[in-house]
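User: I would like to go through this model term by term. Please set each value against its cut-off.

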Amino acid sequence: MTESAPLLLARGVTKAFAGVTVLRDVDLDLHKGEIHALLGENGAGKSTFAKIVAGVHRPTRGKLSLNGRQVDISSPLVAQKLGVTLIHQEPISFPDLSVAENLVLGQGEQGWFSRVPWAEMTREARRQMDQLGVSIDVTKPMRGLSIADQQMVEIGRALASGSRLIIMDEPTAPLTPKEVDTLFGIVRRLRGEGRTIIFISHRLEEVRALCDRVTIFRDGSKVATDAIENLDDAEIIRLMIGRPLKEYMHKHNASIGEVALEVEGLTLPGRFQDVSFQVRRGEIVGLGGLVGAGRTDVACAIFGIQPAESGSLKVNGKTVDIRQPDDAIALGLAFVPEDRAVSGIFRTLSVEQNITAAIPGRIAPRGFIRRAIEKLLAADSVRKLRIRLASVNQPIGELSGGNQQKAILARWLLAEPGILILDEPTRGIDIGVKAEFYDIIGELAEQGRAILLISSELPELLALCDRILVMAEGRLTAEIPRAEATQEKVMQAAVPRQQAGIAA
Ligand SMILES: Nc1ncnc2c1ncn2[C@@H]1O[C@H](COP(=O)(O)OP(=O)(O)OP(=O)(O)O)[C@@H](O)[C@H]1O
Ligand SMILES: [Mg+2]
């Protein structure tokens, strides 16, 4: 770390939305050549701070200086000209254009790419990707790329436009462990070149592995900035949540009953083959594996989003034909998808309307009695899951990422499904609320519901599940009962065969 003047200096940065202050008097110095983590609970203000630095939001009050000069970062384009780039988690690129064209875009009219012939553009794009050490065919359209590769293109674009400060807001959530390694390698190299990186993540172990210093936000205020080695996990958590962490090793005590969901030989060519398993009432069955192993595809097939081509499904012992989500819902299934963007968030509707959207009519006959009950239930969920908001009448789109996720969870929990499929339900959810969430899942099982839990977080699978199924490359590779489940066993079954071969 250099001892020169800080790259970025924030003083008294404050942000209010419609009179509600969400970021309060933040002072922060970022050094050249450091990786700086922002930590905090859902809604603490991390993304808001990042967006202010990247010109997406204007601060209500406060000053920013870059390289000793006060700056007014009034738009993302201004930010880019000043050398500041925000890398989006799910990159916003132009899916039909090629990688090379995407690299050119966003470099502004003055970009050194303008009026460069196609061949040269391609060559240059290739050089950029080579420099990052990633092999991506730059002539291919963006849409075919994995999220990890799309991120690489965004990073390449940031570098091509000469970014000195690169902000990554939860970049690792959708990546496999291997992709995370690659990303970390690149981020470290960028640091070596003297660039500064802001890294936002809910995973403490990642922050520890990668970052030099951390800043912790709580309730919109900065509560600490320190070198990572000066803070142990307990201290970080205490600073983040301001109270002791609830123990989440809740062992549920459900009696396991009849088979609720039975999947037999489910196949969708190219996605998954011959997947068979059962989930019983009162049982929590984990579905582990790496991102891309086909777990989400199986869930989507069961729920009728993209039905399988062959195989059969039974619900409560009866063969069923689920062609669309409505069929599944009618059979008492619920599915909380991993991708918030497609998870049925009605962005312009209120939080309350979103939470109560799936409550079946049977809760109360009609009219205002039902509305009153819904209001109570929504308020109760907000409290239980600690959804941070200004008001339940606020549009859900205004909530922080993690709080939107919690609201969608609340919706499906209130629908009281007999069979609940959860896909990476705690991704993006802060450590302070995971325990509550695990307790809720445990309670649901105790009420006799059948739960299929897709998760890439091994401790989560091990803590919650009665059985863990593992998928790799579209196939089930293991079924591990609770008593025998270890991280190693799950990992071993999750690694694709060829890769395992190479490693051996
Ligand atoms: N456009 C907006 N309008 C109103 N309120 C907003 C808006 N954007 C963010 N907020 C509020 O600001 C607060 C901070 O949100 P922010 O997105 O910065 O949190 P975060 O720390 O990134 O949380 P997460 O870990 O969930 O991503 C939240 O309470 C959120 O509801
Ligand atoms: Mg955020």
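User: What sign does phi take at Gly162, just after α5?

Analyst: Positive. Gly162 follows directly on α5 and has a phi of about 75 degrees. Helices here are DSSP runs of H or I with at least four residues, strands are runs of E with at least two, and both are numbered from the N terminus. This is a predicted model: local features need pLDDT of at least 70, side-chain atom pairs count only at pLDDT 80 or more, and totals for chains, interfaces and linings use all residues. Residues are numbered from 1 along each chain as its sequence is written, while chains are lettered from A and ligands numbered from 1 in the order in which they are written.

User: How do you know how the span of α5 compares with the expected one?

Analyst: The expected span is 1.5 Å times one less than the number of residues. Helix α5 covers residues 147-160, 14 residues. That gives an expected 20 Å, and the helix reaches 20 Å from its first C-alpha to its last. The two values are close.

User: What makes α5 mostly covered?

Analyst: Twelve of its 14 residues are buried. Buried means 20 or more other C-beta atoms within 10 Å of the residue's own; 12 or fewer means exposed, and anything in between is partly exposed, with C-beta atoms placed from the backbone. Among the buried residues are Asp149, Glu154 and Arg157. The buried residues of α5 pack against β6 (84-87), α3 (99-104), α4 (118-132), β7 and α6.

User: Why is α9 called largely enclosed?

Analyst: Eight of its eight residues are buried, so the rest of the structure largely encloses α9. They include Arg295, Asp297 and Cys300. After α9 comes Gly304, with a positive phi near 85 degrees.

User: Why does Leu290 count as buried?

Analyst: Leu290 counts as buried because it has 22 C-beta neighbours inside 10 Å. Leu290 sits in the loop between β13 (284-289) and α9 (295-302). Leaving aside neighbours within four places in sequence, Leu290 is in contact with Thr176 and Ala494. Contact means that the two C-beta atoms, placed from the backbone, lie within 7 Å. Leu290 and Pro496 are 206 residues apart in sequence, yet their C-alpha atoms are 8.9 Å apart.

User: Is Pro307 buried or partly exposed, and how do you know?

Analyst: Partly exposed. Pro307 has 18 C-beta neighbours inside 10 Å, so it falls in that class. Pro307 is in the loop between α9 and β14 (310-315). Beyond neighbours within four places in sequence, Pro307 is in contact with Ala301, Ile322 and Arg323. The C-alpha atoms of Pro307 and Ile322 are separated by 7.3 Å, at 15 residues along the chain.

User: What is the phi of Glu170, and is the residue buried or exposed?

Analyst: Phi is positive, about 50 degrees, although Glu170 is not a glycine. Glu170 has 20 other C-beta atoms within 10 Å, so it is buried. Glu170 lies in the loop between β7 (165-169) and α6 (177-192).

User: What class does Asp274 fall into?

Analyst: Partly exposed, because 13 other C-beta atoms lie within 10 Å of Asp274. Asp274 belongs to strand β12 (residues 272-280). Its phi is positive too, near 50 degrees, and Asp274 is not a glycine.

User: Why is the largest nonpolar core said to lie between domain 1 and domain 2?

Analyst: A nonpolar core is a set of buried Ala, Val, Leu, Ile, Met, Phe, Trp, Tyr and Cys residues joined through C-beta atoms within 7 Å. The largest has 146 residues, and those with the most contacts inside it are Ile421, Ile451 and Leu453. Domain 1 (8-241) and domain 2 (259-503) both give residues to this core, so it lies between them. The domain bounds come from an automatic or database domain assignment. Leaving aside neighbours within four places in sequence, Ile421 is in contact with residues including Ala299, Ile302 and Leu452.

User: Which domains supply the shell around ligand 1?

Analyst: Domain 1 and domain 2 each give at least three residues. In total, 19 residues surround ligand 1, and the closest are Phe17, Ser47, Thr48, Ser400 and Gly402. The elements giving two or more residues are α1 (46-53) and α13 (401-414). A residue joins the shell if its C-beta atom, placed from the backbone, lies within 6 Å of the ligand.
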